[in-house]
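Good morning, and thank you for coming. I would like to take you through a structure that is new to this group.

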There are 2 protein chains.
Amino acid sequence: MDQDDQYDPSAYPAVAVTVDVVVLTIRADVLHTLLVRRGEQPFEGAWALPGGFVRPDEDLPAAAERELIEETGLGGPVAHLEQLASYGAPDRDPRLRVITVAYLALVPALPTPVAGGDAQHAEWRPVAPLLTDPRLLAFDHAQILADGVERARAKLEYSPLATAFCADEFTVAELRRVYEVVWGTGLDPRNFHRKVTGTPGFLDPVGRVTAGERGRPAELFRAGPAAVLHPPMLRP
Amino acid sequence: MDQDDQYDPSAYPAVAVTVDVVVLTIRADVLHTLLVRRGEQPFEGAWALPGGFVRPDEDLPAAAERELIEETGLGGPVAHLEQLASYGAPDRDPRLRVITVAYLALVPALPTPVAGGDAQHAEWRPVAPLLTDPRLLAFDHAQILADGVERARAKLEYSPLATAFCADEFTVAELRRVYEVVWGTGLDPRNFHRKVTGTPGFLDPVGRVTAGERGRPAELFRAGPAAVLHPPMLRP
DNA sequence: GCAAAAGTGTTGGGAGTACACCCATGA
DNA sequence: TCATGGGTGTACTCCCAACACTTTTGC
């Protein structure tokens, strides 16, 4: 707010501000998002992104993290949480003017099964049908979800974000599955291995290997310190 | 807004929502931004980004475009206007809780001199000193400006956005100056020429050349239809 | 031994860089 | 004719896609 607009709250009717979170994870080699079933009008019974009001003295990232923890039940710091965009069409909520700040979260598969707390009604759902039929989601949440998925796809190229989908320790093949699932493409395992292990700061070797799997044991890695990838991973 | 947060306005005190615009242009081979001088507390007399309250039935992009036109006095559609991010730290405005949705606008040099309308106090200022000393701007506007400049720098790589800084018709050399000024680097004129003319959809030849300049006349181009650049321009 | 998965070597093509060179105009 | 800036040609390098190959396990 600036300059010569006088501060006069009565002249600018109250606007509600909410935070909605696009939570993405990979389950059984399929990209899923966390949805809640609405228990009231409008869109009663429809699926919606988890979210809620921003509290009076709460920062926006804090509100997003709170909503995420409440719905997923996971503890500790979230693997990845970033602001996505804001949505404020005057008619996006028929009750009152609501502007929502959307966040994007990427979490490992099943950090803990979604239950407990006040989120018995939250469920993981595959994203694909939600992108093809926007009417499956309440409000403009299909658009928000689509923007979140596109952001994730784009950021896999130039950031080490794919590791946010993996457990603490993971193999190169698991990381490759992340790229393949999110991008919906196939990648050459040999070239992928060379590329990720050759990108400085992407992966830190743990020094151990997997056991009990079929085939040759794979080396284990953790996410490295790099914030951006040079050179980037390229979508085929 | 979703799920089981009951709608009860009294439980969630009013939040003011504003739109602030980072307007970037190039004047005399220096990157400038549009600033206004605040006429009231807080930060009275300090420089700030142009912006103001979102009106009750106004969409967010419409509010940003309105603010931009009010401050710059330019008519017609804006060359480029995109949402940047939202900022909502509880103490960013000492008077009340204000959440601002920041937009980024890129405009050609001096679309019309900033004057007329209600913006006699708006001025173009070089961005460089504002980035090095955040205290030169009110509120958290230095952070918003820094995010806007970084966004512009990044998007020049993979989008044809640089043309938004140019007039309707421009030469390859003028386009190259845009890259050099925004990135703060030097570029090889020969390779740059080959690259931009060889990227499909980036430039549409007008079929005429400049006259009255020193040296060989340059071919004139308009912005082409491409939305993304394949391959991208690479920062040295 | 055989299948399956991990990891390495090699090669050819395409894009980027550096720089020599030619073209067209004003003074 | 010379200086200035626009535009092209060419060789070198590096990255990446493609694919053959070796290694190490479970069955």
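I shall speak about how the chains meet, how they are related, and then about some details of the backbone.

Please keep in mind that this is a predicted model. Let me begin with the contact between the chains. Chain A contributes 50 residues, and chain B contributes 50 residues. Together, chain A and chain B bury about 4000 Å², and 55% of that area lies on carbon and sulfur atoms.

Which elements of chain A supply two or more residues to the side that touches chain B? They are β1 (16–27), β4 (51–53), α1 (60–72), β5 (80–87) and β6 (98–106). The largest share, four residues, is given by β5(A). By residue class, this side of chain A consists of 24 nonpolar, 10 polar and 16 charged residues.

With charged residues present on that side, one may ask how many salt bridges cross the interface of chain A and chain B. The rule finds zero. Polar contacts are another matter: nine residue pairs are counted between chain A and chain B, with both residues at pLDDT 80 or more.

I turn now to symmetry. A turn of 180° with a shift of 0.0 Å along the axis lays chain A on chain B, with an RMSD of 0.0 Å. This is the relation of a two-fold axis. Within chain A, the residue that comes closest to the rotation axis is A14(A), whose C-alpha lies at 2.6 Å. Of the interface residues of chain A, 100% are also interface residues in chain B, so the copies meet through the same surface.

Finally, some details of the backbone. In chain A, the peptide bond from Q41(A) to P42(A) is cis, with omega near -10°. P42(A) sits in the loop between β2 (30–37) and β3 (47–48) of that chain. In chain B, the bond from Q41(B) to P42(B) is likewise cis, with omega near -10°, and P42(B) is in the loop between β2 (30–37) and β3 (47–48) of chain B.

Two residues of chain B also deserve a mention. A28(B), in the loop between β1 (16–27) and β2, has a positive phi of about 55° although it is not a glycine. F139(B), in the loop between α2 (128–132) and α3 (141–158), also has a positive phi, near 50°, and is a residue other than glycine.

Are these residues buried or exposed? A28(B) has 78% relative accessibility and therefore counts as exposed. F139(B), with a relative accessible area of 13%, is buried.

Terms used: Residues numbered from 1 in each chain as written. Chains lettered and ligands numbered in written order. Predicted model: local features only at pLDDT ≥ 70, side-chain atom pairs only at ≥ 80, totals over all residues. Heavy atoms only, no water. Contact = heavy atoms within 4.5 Å. Buried area = accessible area lost by both parts, 1.4 Å probe. Salt bridge = Lys/Arg side-chain N within 4 Å of Asp/Glu carboxyl O. Polar contact = N/O pair within 3.5 Å; in protein donor to acceptor, adjacent residues only side chain to side chain. Nonpolar A, V, L, I, M, F, W, Y, C, P; charged D, E, K, R; others polar. Least-squares fit on C-alpha atoms with pLDDT ≥ 70 in both. Buried < 20%, exposed > 50% of the residue type's maximum accessible area, 1.4 Å probe, protein only.
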